[in-house]
Amino acid sequence: MQAVNGATPSAEGQCRGLRIVPVHHSSSFLQEVIKLWRAHSATLGYFPEGAFVDYARRGWILVALPAEQKCVGYLAYRVSNNRAMIVHLCVEPASRGQGVARALVQHLRRETKHLQGIGLWCRRDYVAHDLWPRLGFVARSDRQGRSYTGSYLTFWWLDHGHPNLFTPADEKRLASKLKAVMDANVFYDLDAEPSLDNEESKALVADWLHDSVELCLTDEIYNEINRNRDPHERKRRRAFASTFTHLPCKLEDMQNAITVIGRLFPSQMKPREESDLRQVARAIGGGAHFFVTRDKDLLAKAEDIYQASGMAVIRPCDLIIHLDALSRRAKYQPARLAGSLVRIKLLPSGQGDLITRLFRCPQQGESMAEFRRQLNRFLADPKTFETYMVNDAEQNYLALVVYARPSENELQIPLLRVTPGPLAQAMAQRLVFCGVLSAGREKRVLTRVTDKYLHDVIPPILQDTGFCHRNGIWTKVNLPAVEEAKTITAELQALATRYSDVRNHLLRIADVLQKAMDTNDVRTIALIEKYLWPVKVLDAHIPCFVVPIQPRWAMHLFDEELARQSLFGAKAEVALAQENVYYRAARPKVLSAPGRVLWYVSQEEGCLGSKHIRACSMLDELVIGKPKDLFRQFRRLGIYEWRDVLALARNDLDRDIMAIQFSNTEIFGSPIPWGTLQQLLLEERGCGSQVQSPIRISNSIFIRLYQLGQTKTGSDAVG
């Protein structure tokens, strides 16, 4: 149903004593609503009286009542597909400009906060088209209307900020880098053909900057794009905007930021100035370090904005100078981790103050006394709490983590801290992953992070790994099972009855899995395997492969045993990572994503453990492209230097190669020899394989090999 909104209320002002109440189908206010609709039906569109009655029965009509108890405005909406859709928003002419529309929308936000968000369609030629950005809505798309005039409709969206089951990777990228939000003028520069005018902005996409800063956009960019009158240009620019990381910001955080910096902007603003204010406020609310702009008016406010919010408003060239200085200092920081997780029983003599200073989280309100008391409790009870430190080559402390097992079904992480630095994100990922891995190996179904003073880098990692957050505790379900989907669904439903705090989360995953199996949605099933890792859905049609890998690459990417045979060991920033990338020739094109990969470490003279299947991973993405493009895209994940990538392409910049992005790697306690693989292939296919290039295997062979690799525990995950 097309929802047309024709009223022209202002978002400014405030109506004192205003009450917002739902209308019952027998209420006298319903007739006032219908009367108000009739007076504005030319823009609101046809709406049967019976529909008003039905909406009122469902509680889908809100009315605005001032002190004199007369309806001065109403909002009609419907609920479908886990979102609220506004059908009408109408305010009588005498009450416009007094905040009635804002009050109605704010009430709807409170009533529908359990839903995904609020949406509506509005004609671009209506005055109300300018209202929605002021109320926090974002112009997401548009389409041509069905009326004889062919006017375009814009879809406006107000997101409630709920994390969904499959959290975007944006948050993970944002966690470890400086966040720089681009203003619209810089964004348009990047979208334009190179010229002297945009040369400064285009320097922001230089390769060397990628590891230090994440160029971001806020949702306000879509409102900027929406002002363009050309529908084809709007569509093209939205597509370009989708290639950048989007900085999330709750509406309340944006409004709080507007309160802080609003005094720096004119009292009477043009639409572009209003958008500038919202753009800066969303950047502040989202925790951006920099706001990059060429706008002279905004740059003139830079010092005041910094003093009020701590965010720097800066030109592109000044940001580059700042980052260059940081990168020069970073060259002198240690980049390699010589040791591994080292268990400690007592604090080193005289180091208590140093450890407290490094790992206490004052930003979250943790006192020194509280941190010391907690740590001493963990160290004093080594049978209950396992405490680990991570040091670099110079014995500097990089991370501190505590694992506990309060019940047979649960592994708990009551302390999880990392020090700032280039390894912080990878370190936190690895420590969380080790906990989940141990829980899976020990047949525990829950991993809980109960540390209430987490550094900012950690919550996005937990969210991306499949943890849900409730009452200050992060919980992940890890099913150590190889079962059919119906059995896994039943297990999730049974767990939901036992663990009420994650009941809705478990039931939602069970429902998604059941629907995905019904429609053979392989991508969703693979994502569920990742979120319930190390579960394997026995009857899923997820493609399975054996991929050969040279020992030197396996050593760095995942195999610690092979790394110990090397004088130099593995690169820390890669060995710690939960996801990585591996390059190989583009042909033969056997692989497909999503999928499961068994890593066959190819034979190498003098390398113990080669010629075995040694690990299993989730295959997340395959990208085929030119060497330079792939290296730029995946440089942050891989172990390859540019010379390695170019050598793989035989020094041909125009030759296609393949990047295999993978994650959630399990090292097998019992590596599987080449002969066992050949035997299984012979039984099923009648012929073996030299595994000189990737081969596809059946789901049944994958499951048999996977179970063989799991037959003994191997090295401890957190030891």
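A residue counts as buried here when its relative accessible area is under 20%. By that cut-off Y706, with a relative accessible area of 5%, is buried. The structure is a predicted model, and its Y706 makes a handy way in, since the ring has an aromatic partner in F702: the two ring centres sit 6.0 Å apart and the planes meet at 20 degrees, so the pair is stacked. F702 is buried as well, at 0% relative accessibility. Both residues belong to helix α29 (residues 699-709), where a spacing of 4 residues puts about one helical turn between them.

Stepping back to the whole chain, the protein has 719 residues, and 53% of them are buried. Its secondary structure adds up to 29 helices and 27 strands. Of the contacts with a separation of 6 or more, 70% are between residues 24 or more positions apart. As for aromatics, the structure holds 20 aromatic pairs. One aromatic cluster brings together W37, F47, F52, Y55, W60, Y74 and Y77.

Contacts between residues far apart in sequence are easy to see around L619, a residue of strand β25 (residues 612-625). L619 has a relative accessible area of 0% and is therefore buried. Leaving aside residues up to four places away in sequence, L619 touches F545, L591, S592, A593, P594, G595, R596, V597, I660 and Q661. Take F545 from that list: 74 residues separate F545 from L619 in sequence, yet their C-alpha atoms are 9.3 Å apart in space.

Two helix pairs were looked at in some detail. In the first, helix α18 (residues 424-441) meets helix α19 (residues 458-465), with axes that come within 10 Å and cross at roughly 45 degrees. That angle falls outside the ranges for roughly parallel, antiparallel or perpendicular packing, and α18 and α19 are therefore oblique to each other. The crossing is right-handed. On the α18 side the contact is made by Q425, A428, Q429 and V432, and on the α19 side by I458, I461, L462 and T465. Sorted by type, the residues of this contact come out as 5 nonpolar and 3 polar, with no charged ones.

The second pair is helix α21 (residues 503-519) with α22, packed at an angle of about 145 degrees with the axes 8 Å apart. Here the crossing is left-handed. From α21 come I509, V512, L513, A516 and M517, which meet T524, I525 and I528 of α22. This contact has 7 nonpolar residues, 1 polar residue and no charged residues.

Just where does the chain go after α22? The loop between α22 (522-531) and β21 (536-537) holds P534, and this proline brings in the first backbone oddity to be described. W533 and P534 are joined by a cis peptide bond, with omega at about 15 degrees. Another cis bond runs from R587 to P588, with omega near 0 degrees. P588 also sits in a loop, the one between β23 (579-585) and β24 (595-601).

Positive phi values turn up in residues other than glycine too. K443 has phi near 60 degrees, a positive value, and is not a glycine. The residue is in the loop between α18 and β17 (446-449), which ties K443 back to one of the helices described above. Is K443 buried or exposed? Exposed is the term that applies, because its relative accessibility is 55% and the cut-off for exposed is over 50%. R650 is another case: its phi is positive, at about 55 degrees, although R650 is not a glycine. The loop between α27 (642-648) and β26 (657-673) is where R650 lies. With a relative accessible area of 62%, R650 is exposed.

Technical notes: Residues numbered from 1 in each chain as written. Predicted model: local features only at pLDDT ≥ 70, side-chain atom pairs only at ≥ 80, totals over all residues. Heavy atoms only, no water. Axes fitted to C-alpha atoms, helices over the stretch in contact; angles between N-to-C directions. Parallel < 35°, antiparallel > 145°, perpendicular 65-115°, else oblique. Left-handed = near helix turned anticlockwise from the far one by under 90°. Contact = heavy atoms within 4.5 Å. Nonpolar A, V, L, I, M, F, W, Y, C, P; charged D, E, K, R; others polar. Buried < 20%, exposed > 50% of the residue type's maximum accessible area, 1.4 Å probe, protein only. Phe/Tyr/Trp six-rings, centres within 6.5 Å; stacked < 30°, edge-to-face > 60°.
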